[in-house]
Amino acid sequence: MLLPLLRSHPLLHHAARLSSPRTRLLLRRDAIPLARSPPIRMAASSGSGASSPASAPPAAVVHKSKIKFCPACGSPTKLAIPDGDEKMRAVCSSCGRVHYKNPKMVVGCLVEHDNKVLLCRRKIEPAYGLWTLPAGYLEVGESTAEGASRETLEEACADVEIVSPFAQLDIPLIGQ
């Protein structure tokens, strides 16, 4: 579904731009302007893993495993800390296989075109009917840029050129 483009905030420019003149965008005259608000301040990572002194490190999140049965043999699993590990994992009570639950990587694009931002209206839960950036799950074997471009094409029928990374958000409470 093609969606309205909104006037963009200065911080949102140049994450991606349309790369194909054939791409058709639905431009609405009643597009909603973004509220004027003070700039968003984000802590920059120095690449050394050090965080700024003003922000406290995030609290450790402990997830209970949803893996109740071993996908390999079908036996029940139990929570245990495997040898050489430091976290609770689902371990098969029969074959001993350790099952890891890894976070999902979500990628998307912030598309700026003619001083507006491309948004998509969600057609599924969660957040059915709300506006969002075109985004989705990264596929195995894709780079983050490839995944973001693919998701933007799938979600908004917009062929984009990745200009630069815009933001990295960590949401450990929901496994993303």
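Which strands are included in what covers the buried residues of α1? The tour comes to that cover after a look at the whole chain.

**Before selecting anything**

The model is a predicted one, in which local features need pLDDT of at least 70 and side-chain atom pairs count only at pLDDT 80 or more, while totals for chains, interfaces and linings use all residues. Residues are numbered from 1 along each chain as its sequence is written, and side-chain values use heavy atoms, with hydrogens and water left out.

**The whole chain**

Begin with the protein chain in a cartoon view, where the secondary structure comes to one helix and 12 strands; helices (H or I, at least four residues) and strands (E, at least two) are DSSP runs, numbered from the N terminus. Read from the N terminus on, the elements run β-β-β-β-β-β-β-β-β-β-β-α-β. Of the 176 residues in the chain, 24% are buried, where buried means under 20% relative accessible area, exposed means over 50%, and partly exposed lies in between (1.4 Å probe, protein chains only). If you switch to a surface view, the accessible surface comes to about 13000 Å², and 57% of that belongs to carbon and sulfur atoms; such areas come from the Shrake-Rupley method with a 1.4 Å probe, and for residues only the protein chains shown count as cover. Among contacts in the chain with a separation of 6 or more, 58% are between residues 24 or more positions apart, a contact being heavy atoms within 4.5 Å.

**Helix α1 and its cover**

Next select residues 144–156, which form helix α1 with its 13 residues. The end C-alpha atoms of α1 are 18 Å apart, in agreement with the 18 Å that the helix should span at 1.5 Å a residue, since the expected span is 1.5 Å times one less than the number of residues. Within α1, colour G147, A148, R150, E151, T152 and A156, which are its buried residues. Then show the strands around them: what covers these buried residues includes β6 (106–108), β8 (116–118), β9 (120–121), β11 (135–137) and β12 (160–162). Just after the helix, C157 has a positive phi, near 55 degrees.

**Salt bridges**

Staying with α1, display the side chains of E142, R150, E151 and E154, which are linked in a network of salt bridges; a salt bridge here is a side-chain nitrogen of Lys or Arg within 4 Å of a carboxyl oxygen of Asp or Glu. R150 meets E142 at 2.6 Å, N to O, and R150 also meets E151, at 2.9 Å, N to O. R150 counts as buried because its relative accessible area is 19%, and E151 is buried as well. A search of the whole structure finds four salt bridges, and one of them lies between R89 and D85, whose closest N and O atoms are 2.9 Å apart. Select this pair to compare its two sides: R89 counts as buried at 17% relative accessibility, whereas D85 counts as partly exposed at 22%.

**The loop between β2 and β3**

Now move to S75, found in the loop between β2 (16–18) and β3 (77–80). Is S75 buried or exposed? With a relative accessible area of 16%, S75 is buried, and, leaving aside its neighbours within four places in sequence, S75 is in contact with K68, F69, C70, C92, S93 and S94.

**Backbone angles to inspect**

Most residues other than glycine have a negative phi, and most peptide bonds are trans. With that in mind, select D114 in the loop between β7 (112–113) and β8, where phi is positive at about 50 degrees although the residue is not a glycine. D114 is exposed, with a relative accessible area of 55%. Then go to the loop between β9 and β10 (131–132), which holds P126, and look at the peptide bond from E125 to P126, which is cis with omega near 0 degrees. In the loop between β9 and β10 you will also find A127, a residue other than glycine with a positive phi near 65 degrees, and A127 counts as partly exposed at 33% relative accessibility.

**A nonpolar patch**

Finally, select L169, I171, L173 and I174, which make a nonpolar surface patch of about 450 Å². Patches are made of residues with over 30% relative accessible area and no salt bridge, like charges being joined within 9 Å and nonpolar side chains (Val, Leu, Ile, Met, Phe, Trp, Tyr) within 5 Å. L173 has its place in the segment after β12, and at 69% relative accessibility L173 counts as exposed.
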